[in-house]
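Here are some exercises to work through with the sequence and the model side by side. Try each task yourself before you read its solution.

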Amino acid sequence: MRTIDWFALSICFCMFSSVALAHEGHEQTAPSVAAVQPSTDTNDSKAWFTDTPLQDQNGNTLRFYSDVLQDRVVLLNVMFTRCDDACPLITRKLKEVREALGDKADGITFISLTSDPLRDTPAVLKAYTLKQGIDGPHWFFLTGDKAQMDLVLDRIGQTGPNPEQHSTRLIVGDVVNKRWSTIRPDAPVAAIAQRLQLLTMPVAGR
């Protein structure tokens with residue numbers, strides 16, 4: 001498995017304009033990404049990702065780093081509920097990934113961030129999860145006001161001029177050990193599940 005440190009993460013995020021399962025009929029543009037500085041400290045990680053307060057699909061307010069990312073193995077993707085092509089397909093695939101993980105799924109947190117916060121309120125996100133048959137404590141669908149979401153999406157290289165212009169790449173990470181990589185969303189379910197399982201394994205020497 002290819003892993004990257006914090007410095008390499010900036011390079012990785014800059015590559016997010018290579019889009020798989022792109023939104024049909026929409027031009028893709030590369031997001032503007034600030035350089036990620038090398039970090040070996042939890043406080044630096046918190047400062048980078050920010051503790052921006054967001055709302056999940058149940059209306060709970062969560063701090064992005066402290067409540068969502070910290071100490072977890074995570075999979076992040078960006079979506080919006082009005083999308084009728086790539087987003088629901090990816091959501092369904094990620095549901096299959098969780099099913100393939102079986103009991104190990106409880107140790108991995110999925111984080112779906114809306115690129116359309118003006119429309120995707122917590123209630124709209126909740127309706128979307130119910131439509132997709134998703135109900136569980138380990139999958140957050142997050143929204144906020146536009147400034148909040150723009151900040152968080154910028155930190156993961158996903159800021160775009162409109163909701164359609166986001167990457168469909170999946171971001172997977174072991175937050176504690178700062179192991180991050182991206183996965184094409186058209187990768188097989190078993191391959192995505194295996195990548196996540198590998199991230200849950202202890203790091204040699206730690």
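**Exercise 1.** Find the salt bridge of Arg179 and decide whether its two residues are buried or exposed.

*Solution.* Step 1: Arg179 has a relative accessibility of 15%, so it counts as buried; the cut-offs are under 20% relative accessible area for buried, over 50% for exposed and partly exposed in between, with a 1.4 Å probe and protein chains only. Step 2: its partner is Asp174, with the closest N and O atoms 2.8 Å apart. That satisfies the definition of a salt bridge, a side-chain nitrogen of Lys or Arg within 4 Å of a carboxyl oxygen of Asp or Glu. Step 3: Asp174 is buried as well, at 4% relative accessibility.

Before going on, note that this is a predicted model, in which local features need pLDDT of at least 70 and side-chain atom pairs count only at pLDDT 80 or more, while totals for chains, interfaces and linings use all residues. Residues are numbered from 1 along each chain as its sequence is written, and side-chain values use heavy atoms, leaving out hydrogens and water.

**Exercise 2.** Survey the other salt bridges: how many does a search of the whole structure find?

*Solution.* Step 1: the search gives seven salt bridges. As background, side chains of opposite charge can pair when their charged atoms come close. Step 2: look at Lys46 and Asp51, whose closest N and O atoms are 3.6 Å apart. Lys46 is partly exposed at 35% relative accessibility, and Asp51 is partly exposed at 21%. Step 3: turn to Arg184 and Asp186, which meet at 2.8 Å, N to O. Here Arg184 has 39% relative accessibility and is partly exposed, as is Asp186 with 38%. Step 4: locate the network of salt bridges that links Arg82, Asp116 and Arg119.

**Exercise 3.** Trace the order of helices and strands, then locate the largest nonpolar core.

*Solution.* Step 1: count seven helices and seven strands, taken as DSSP runs numbered from the N terminus (helices are H or I, at least four residues; strands are E, at least two). Their order from the N terminus is α-α-β-β-α-β-α-β-α-β-α-β-β-α. Step 2: buried residues account for 50% of the 206 residues in the chain. Step 3: the largest nonpolar core holds 28 residues, and Leu75, Val97, Phe110, Ile192 and Leu196 have the most contacts inside it. Such a core is a set of buried Ala, Val, Leu, Ile, Met, Phe, Trp, Tyr and Cys residues joined through side-chain atoms within 4.5 Å. Step 4: the elements that each supply at least two residues include strand 3 (73-79), strand 4 (108-114) and helix 7 (189-199). Helix 4 gives the most, with six residues. Step 5: select Leu196 and list its contacts (heavy atoms within 4.5 Å). Leaving aside residues up to four places away in sequence, Leu196 touches Val73, Val74, Leu75, Val97, Leu101, Ile108, Phe110 and Val172.

**Exercise 4.** Which residues line the second largest pocket?

*Solution.* Step 1: select Lys95, Arg98, Glu99, Ala105, Gly133, Ile134, Asp135, Gly136, Pro137, His138 and Trp139. Step 2: sort this lining into four nonpolar, three polar and four charged residues; Ala, Val, Leu, Ile, Met, Phe, Trp, Tyr, Cys and Pro count as nonpolar, Asp, Glu, Lys and Arg as charged, and the others, Gly among them, as polar. Step 3: helix 4 gives the most to the lining, with three residues.

On method, a pocket is an open set of points on a 1 Å grid over the protein atoms alone, where a 1.4 Å probe fits, with protein on both sides within 12 Å along at least five of seven lines; lining residues have an atom within 4 Å of a point.

**Exercise 5.** Where does Asp56 lie, and what does it touch?

*Solution.* Step 1: Asp56 is in the loop between strand 1 (53-55) and strand 2 (61-63). Step 2: with a relative accessible area of 4%, Asp56 is buried. Step 3: beyond residues up to four places away in sequence, Asp56 touches Leu62, Pro122, Phe140, Phe141 and Leu142. Step 4: Asp56 and Leu125 are 69 residues apart in sequence, yet 8.0 Å apart in space, C-alpha to C-alpha.
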